[in-house]
Amino acid sequence: MHSNLFGEHFYWGASISAAQTESAALLDGKGLSIWDDFCEPKKKFFLSKHRIKNKHHIQESSDFYFHYEADILRLKQLGFKHFRFSIAWSRIYPDGETLNPSGIDFYKKVIDTCLKNNIEPWVTLYHWDLPATLEKKGGWTNPEIINWFELFATTCIHSFKEVKHWMILNEPSVFVGAGYFFGIHAPGKKGFENFIKAMHHANLCIHHIFKVIKNINPDLKVGSTFSFTHIEGLNQDVKHQKAAEIADTLINRLFFEPILGLGYPTEQLKIFNKKYFNLIKKEEELLKTPLDFIGIQNYTREVFKHNPFNPFLKIKQIEAHKRTSELTAMNWEIHPPSIYEVLKKINNYQSNIPIIVTENGIALNDQINDNSIQDSQRIAFYQSHLEQVLKAKNEGIDIQGYFAWSLLDNFEWAEGYYPRFGLIHVDFETKHRTIKESGHWFREFLGET
Ligand code: GAL
């Protein structure tokens, strides 16, 4: 397979995010983010509990802050022409309200390096690293978040004029679900009330910030990215199909349909259809947003079955390791048709908004031997997933680009540093970089024919 099958104008890129790669957490005026705090052990009486596997800490990640020039050159060497990265909010506004000019300077240098090398920057405004001071005021559960975000976004749009492609939020379903419902991601909040508030504010934020950016410059291309997992029922039995529908509503639809103007899909979630749902349903007409592109991020499929013992939703997830041995280092199932199914599903909404795959990739426990990393499983993953993307595109779905996750090995949130997603290996002690076989594979795939 060769990339030219996707057409001349297809955007090929690789993605990273600020918090996962930069390090330099307190350098040049940066403030703490919720992830800096979340990596600190939580003290309870005389005990302290680490919330990140192996006590890993986000502050010792891939040093992109110091290596950005060489990393962008590596991205170019692999044949990519587009680079998706995010801006650390707490580098620009360390306390949420006081501007830090050094933060602006850093991203100006990153953007200039891209442009000098004919790499198009695609910038995500929010990839999960809220300034810690704003979380003290309630974070995403406080409606003020929309004003705080407006200040940050406006500064970025005015300061980085060369950037033509912007993404407002990265995967709201994940940062809201994991961070404000299950408490397994920063800021570690739990419960239904936090979840509903954070979800609604995230949706309002996409809508409002889209308008703010377009008012500054209507020519900018403004999208947002959504996590989409392919969900199946255990088998064709109606009750398992119903369980899959409920899971799909919670995981995918709640965070996507309001933006398309379809309102909150609460019919499956009657059990929750109380106080908070009633409140947010009143504002659902406010959420329709004519995004310029939809960023889709898919990694796997999940299977659900009916479970009469679950008191609320009556569903149960069947974990991947109980049904297959085709697993990644995240214990996620490798299931290439998932990405095709997800793309078809997005297309069925008939929104007429182009789709860009802004993340897709695989975590492995890569080993370095004689300065090389033979990650043939990653190559097979990309090949098989790209075949599925091509199939969807050839069926007429408007897919305009594909970004691999990730350019570099990095901090995989609560999982720490062991699951490696990069096309480029990072030695986390020395910060030395080595291009993996999969990186070389991309160079050929994207190269001249
Ligand atoms: C996404 C997220 C990325 C990365 C990836 C792999 O949900 O946007 O930051 O962690 O998953 O797990």
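Colleague: A polar contact is a pair of N or O atoms within 3.5 Å. With that in mind, how far is the polar side-chain atom of E412 from an oxygen atom of the ligand?

Modeller: This is a predicted model, and in it the distance from a polar side-chain atom of E412 to a ligand oxygen is 2.7 Å. E171 places a polar side-chain atom 2.4 Å from an oxygen atom of the ligand. For H127, an N or O atom of the side chain is 2.8 Å from a ligand oxygen.

Colleague: And how much of the ligand does the protein bury?

Modeller: The protein buries 95% of the 310 Å² that the ligand exposes when taken alone.

Colleague: Nice. How many residues surround the ligand, and which are the closest?

Modeller: There are 13 around the ligand, and Q20, H127, N170, E171 and E412 are the closest. Sorted by class, that shell holds six nonpolar, four polar and three charged residues.

Colleague: Where does the ligand sit?

Modeller: In the largest pocket, which holds about 1700 Å³ of space.

Colleague: What lines the largest pocket?

Modeller: The lining has 49 residues, and nearest the centre are V174, F182, I184, E302 and Q317. Five elements give two or more residues to that lining: α8 (172-180), α9 (192-216), α10 (238-251), β10 (301-306) and β11 (315-318).

Colleague: Which of them gives the most?

Modeller: That would be α8, with four residues. By class, the lining of the largest pocket splits into 27 nonpolar, 15 polar and seven charged residues.

Colleague: Next stop, the second largest pocket. What's its volume?

Modeller: About 480 Å³. It is lined by 16 residues, and S3, E8, W12, K81 and L446 are the closest to its centre. The class count for this lining is four nonpolar, nine polar and three charged.

Colleague: Let's switch to cavities. How many are there of 30 Å³ or more?

Modeller: The count is four. The largest cavity has a volume of about 120 Å³. Its lining has 13 residues, with A19, S23, A25, K30 and D36 nearest the centre.

Colleague: What's the class mix in the largest cavity's lining?

Modeller: Five nonpolar, three polar and five charged residues.

Colleague: And which residues line the second largest cavity?

Modeller: I34, W35, Y126, W128, W140, F175, Y180, H185, A186 and P187 do. The elements giving two or more residues to that lining are α2 (34-38) and α8. Nine of the lining residues are nonpolar, one is polar and none is charged. The space inside comes to about 40 Å³.

Colleague: You listed A186 and P187 there. What kind of peptide bond joins them, cis or trans?

Modeller: It's cis, with omega of about 5°. P187 belongs to the loop between α8 and α9, and α8 also contributes to the lining of the second largest cavity.

Colleague: While we're on the backbone, what about the peptide bond from W405 to S406, cis or trans?

Modeller: Cis as well, with omega near 20°. S406 is in the loop between β13 (399-405) and β14 (424-426).

Colleague: Last one: is phi of D370 positive or negative?

Modeller: Phi of D370 is positive, near 50°, and the residue is not glycine. You'll find D370 in the loop between β12 (355-359) and α14 (376-394).

Notes
Residues are numbered from 1 along each chain as its sequence is written. This is a predicted model: local features need pLDDT of at least 70, side-chain atom pairs count only at pLDDT 80 or more; totals for chains, interfaces and linings use all residues. Side-chain values use heavy atoms; hydrogens and water are left out. A residue is near a molecule or strand if one of its heavy atoms lies within 4 Å of it. A polar contact is a pair of N or O atoms within 3.5 Å; within protein, one must be able to donate a hydrogen and the other to accept it, and residues adjacent in sequence count only if both atoms are side-chain atoms. Accessible areas come from the Shrake-Rupley method with a 1.4 Å probe; for residues, only the protein chains shown count as cover. On a 1 Å grid over the protein atoms alone, a cavity is a set of points where a 1.4 Å probe fits but cannot get out, and a pocket is an open set with protein on both sides within 12 Å along at least five of seven lines; lining residues have an atom within 4 Å of a point. A molecule sits in a cavity or pocket if more than half of its atoms lie within 2 Å of its grid points. Ala, Val, Leu, Ile, Met, Phe, Trp, Tyr, Cys and Pro count as nonpolar, Asp, Glu, Lys and Arg as charged, and the others, Gly among them, as polar. Grid points are joined across faces, edges and corners, and a volume is the space filled by probe spheres set on the points.
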